[in-house]
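I opened this notebook to keep track of what I looked up about strand pairing and the nonpolar interior. The entries follow in the order in which I checked them.

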Amino acid sequence: MLGPRKETRSTKKDDKREQFEEATVEASEPEGSMASLLAELKSFRKEHTDASNDTKATLVRVENTLKEVVERTAKLEQEMTDIKERVSDNEDQLQRHDRAIRYMLQREAKLSAKCEDLESRSRRNNLRIFGVREGEEKNDMIRFITGMIRNTLKLPQDLDLGVERAHRSLTMKPREDAPPRSIIVRFLDYRVKDRVLQEAWKTRGITYQDQKVFFDQDYTADIQKKRKQVREVIKQLKERKMRAVSPFPAQLKIQMDSGVKTFSTLAQAAPTLKQLGIKVNISEREMRREDLLHNNTWTTRSKDPGNTTMASADLDLLLREDV
C-alpha cells in the first residue's frame, strides 16, 4: 500500500515542475519578443533618420540647382534682350547703309550719264573715216584728209572745211592683213562736219584707192557698243518687215501699226521687243542702271520724283569716318 502512494506523489511533483518550467518559458518569451521589437524599432528609427537626412541633402542640392537655373535663365533672358537690341540696331544701320548705297549708286549712274554726255558733246565736231589704208596719209594727215574729202564728196569748192586736227585712232598699229585704224577728223565748225557727214551718207559706194570708205560720227566706246546692239535689233526688225532706225546716241525708233515708238535705251524697249518675239541680251548691270536712273521711289523724302536728297541721318552716316 505504501508503494503506490509514493509513485503518486512523485508524479504530482513532476507535473508541477513541468508546469512551472512551461510558465517560466511562457514568461521568458515576451521578454525576448520585446527586446527584438525594440531592436527593430531602433534599426527602423536609424534608417528613417538616415533617409530623412538624405532627403534633406537632396532637397538642398535641388534647391541650389534650381537657384542656378533661375540665375542662368535670368542671364539668358538679359542676353536675349541685348541681342534683340543689337539686332534691331544693326537692322536700322543696315537700312541706312542700304539707302546710302542706293543714293551713291544713283548718283554714280547720273554722273556717268552726264560724263558720257559731256564726252559726246566734246566730240560734236568730230567724225570718223573707216577703210583708209595705213600710210596713205604720208606725214601730213590734215592735207591728206582735206584732199580726200573734196575728191570723194560733192562739196562746193568755196566751202572752207576748216579741219582743225586729224589723226588715226589711238590704238596700236595693226598688222598688214588686219583692218586699218579709223581716222578721227575734227572740224572748227560742227555745221561743216554735219554737212560733210550728210553728203557722205547720201553718196553710196564711196571708194578711195579702190578701197571702200565709210564716214560716221565719232561716238564714244560705250555708245558704239550700244549702237552695235541696236543695229542687231534693227536687223531682226527688218527681217519682220518692220521699219526701225537708231537716232543719236543709241535710241531705237520703231514704226508700228499703232504708231511710232521711240525708246531711249534697249532696256526700255525690252518688253515691247519681247512681245514682237525679238530676244535682247541686256546685262543685269544695264538693267540696274536703268532702274536707278528712272526710278527714284526708294530714297526721296519729298513727293518730287526728281529729288535725290538724303535724310540728314543718312548723310551723317555717310560722312562718318568710323563707319
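Before counting partners I fixed the criterion: two strands pair if DSSP finds at least two bridges between them. I also kept in mind that this is a predicted model.

Entry one, on pairing. I looked up strand β2, residues 163-168, and found that five bridges join β2 to β3, the two running antiparallel. For a specific position I noted that R168 stands opposite I183 in β3. I then turned to strand β1, residues 126-130, which pairs with β3 in the antiparallel sense over four bridges; here L127 has V185 of β3 as its bridge partner.

Entry two, on burial. How many of the five residues of strand β3 are buried? I found four of the five, so defined by a relative accessible area under 20%, and I therefore recorded β3, residues 183-187, as mostly covered.

Entry three, on the interior. I looked up the largest nonpolar core, which has 25 residues, and listed I129, I145 and F215 as those with the most contacts inside it. The elements that give two or more residues to this core are β1, β2, β3, α2 (141-152) and α3 (190-202), and α2 gives the most, with five residues.

Entry four, on I129. Leaving aside neighbours within four places in sequence, I found I129 in contact with I145 and M148, with S182, I183 and V185, and with V213, F214 and F215. Apart from the core I had been following lies another, of 15 residues, among them V230, A244, L252 and A269.

Terms used. Residues numbered from 1 in each chain as written. Predicted model: local features only at pLDDT ≥ 70, side-chain atom pairs only at ≥ 80, totals over all residues. Heavy atoms only, no water. Buried < 20%, exposed > 50% of the residue type's maximum accessible area, 1.4 Å probe, protein only. Core = buried A, V, L, I, M, F, W, Y, C linked by side-chain atoms within 4.5 Å. Contact = heavy atoms within 4.5 Å.
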